[in-house]
Amino acid sequence: MTKPAERSAARLAAVQALYQMDVSGKSVIDALAEFEAFWIGREVEGITFQPSDNAFFRDILSGVVKNQREIDLKIDGALATDWPLKRVEAVIRAILRGGGYELMFRKDVPARVVITEYVDVTHSFYGEDEPGLVNAVLDKVAREARPGELEKKAAGQGKR
């Protein structure tokens, strides 16, 4: 697999692990151990889980946990005022937290890549309005966490 494909698989695994931690109360250590031992790069119940960049997976998972309060506040600010993060469905919450972490703390990954990747993850679980919601929220987080980055790229695209 290529490095981008392994990072995509790491993002998907991180979202699944964050979801599992949210609904079951598992610790980050337990989730890391379980996913690396039994899920990533394996076939489970007829579903193949792609090999991933395990260091990137660990970074996302532990980074979200370590910075969850700050991430949640930023996401809450990007959501509609009458719809706080705690009311968002658990899978979407995990997706937004993973994307929020990368946008806020992984400046080495371009914002457009982060947004596109987490919208793609959302498409793995949903088909209708949810990918648009994730795109809108992460776009707003990116504009606050990385002022000017999205605009610079957009301005340069119109020139040939």
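## Briefing: how the helices pack

Helix α5 and helix α6 cross in a right-handed way. That crossing belongs to a predicted model of a chain with eight helices and two strands. Below is a quick tour: the chain as a whole, then three helix pairs, beginning with the one just mentioned.

**The chain as a whole**

- Going along the sequence, the elements come in the order α-α-β-β-α-α-α-α-α-α.
- The radius of gyration is 16 Å, and the globule rule gives a close value of 15 Å for 160 residues, so the chain is as compact as a globular protein of that length.
- If you want a feel for the dimensions, the C-alpha trace spans about 45 × 40 × 30 Å along its principal axes.

**How confident the prediction is**

- The average pLDDT of the chain is 88, and 91% of the residues score at least 70.
- Confidence peaks in helix α5 (residues 90-105), with a mean of 97.
- At the other end, strand β2 (residues 47-48) has the lowest confidence, with a mean of 67.

**Helices α5 and α6**

- Back to the opening pair: the axes of α5 and α6 are 10 Å apart, and the angle between them is about 165 degrees.
- An angle over 145 degrees counts as roughly antiparallel, so that is how α5 and α6 run relative to each other.
- On the α5 side, the contact uses V91, I92, I95, G98, G99, E102 and L103.
- Facing them from α6 are A111, V114, Y118, V121, T122 and F125.
- Sorted by class, this contact of α5 with α6 has nine nonpolar, three polar and one charged residues.

**Helices α1 and α6**

- Helix α6 (residues 111-125) also packs with helix α1 (residues 3-24), at an angle of about 60 degrees and with the axes 10 Å apart.
- That angle makes α1 oblique to α6.
- The handedness of the α1 and α6 crossing is right-handed.
- From α1, the residues that meet α6 are S8, R11, L12, V15 and Q16.
- Their partners in α6 are V113, E117, Y118, V121, S124 and F125.
- The classes in the contact of α1 with α6 come out as six nonpolar, three polar and two charged.

**Helices α1 and α2**

- Helix α1 has a contact with helix α2 (residues 28-39) as well: their axes come within 10 Å and cross at roughly 135 degrees.
- The two helices, α1 and α2, are therefore oblique to each other.
- Here too you'll find a right-handed crossing, as α1 passes α2.
- α1 brings A13, Q16, A17, Q20 and M21 to this contact, while α2 brings V28, A31, E34 and F35.
- Six nonpolar, two polar and one charged residues make up the contact of α1 with α2.

**Residues to look for twice**

- Q16 of α1 turns up in the contact with α6 and again in the contact with α2.
- Y118, V121 and F125 of α6 meet α1, and these three also take part in the contact with α5.

Conventions. Residues numbered from 1 in each chain as written. Predicted model: local features only at pLDDT ≥ 70, side-chain atom pairs only at ≥ 80, totals over all residues. Heavy atoms only, no water. Axes fitted to C-alpha atoms, helices over the stretch in contact; angles between N-to-C directions. Helix = DSSP H or I, 4+ residues; strand = E, 2+ residues; numbered from the N terminus. Parallel < 35°, antiparallel > 145°, perpendicular 65-115°, else oblique. Left-handed = near helix turned anticlockwise from the far one by under 90°. Contact = heavy atoms within 4.5 Å. Nonpolar A, V, L, I, M, F, W, Y, C, P; charged D, E, K, R; others polar. pLDDT = per-residue confidence, 0-100. Rg over C-alpha atoms; globule rule 2.2 N^0.38 Å.
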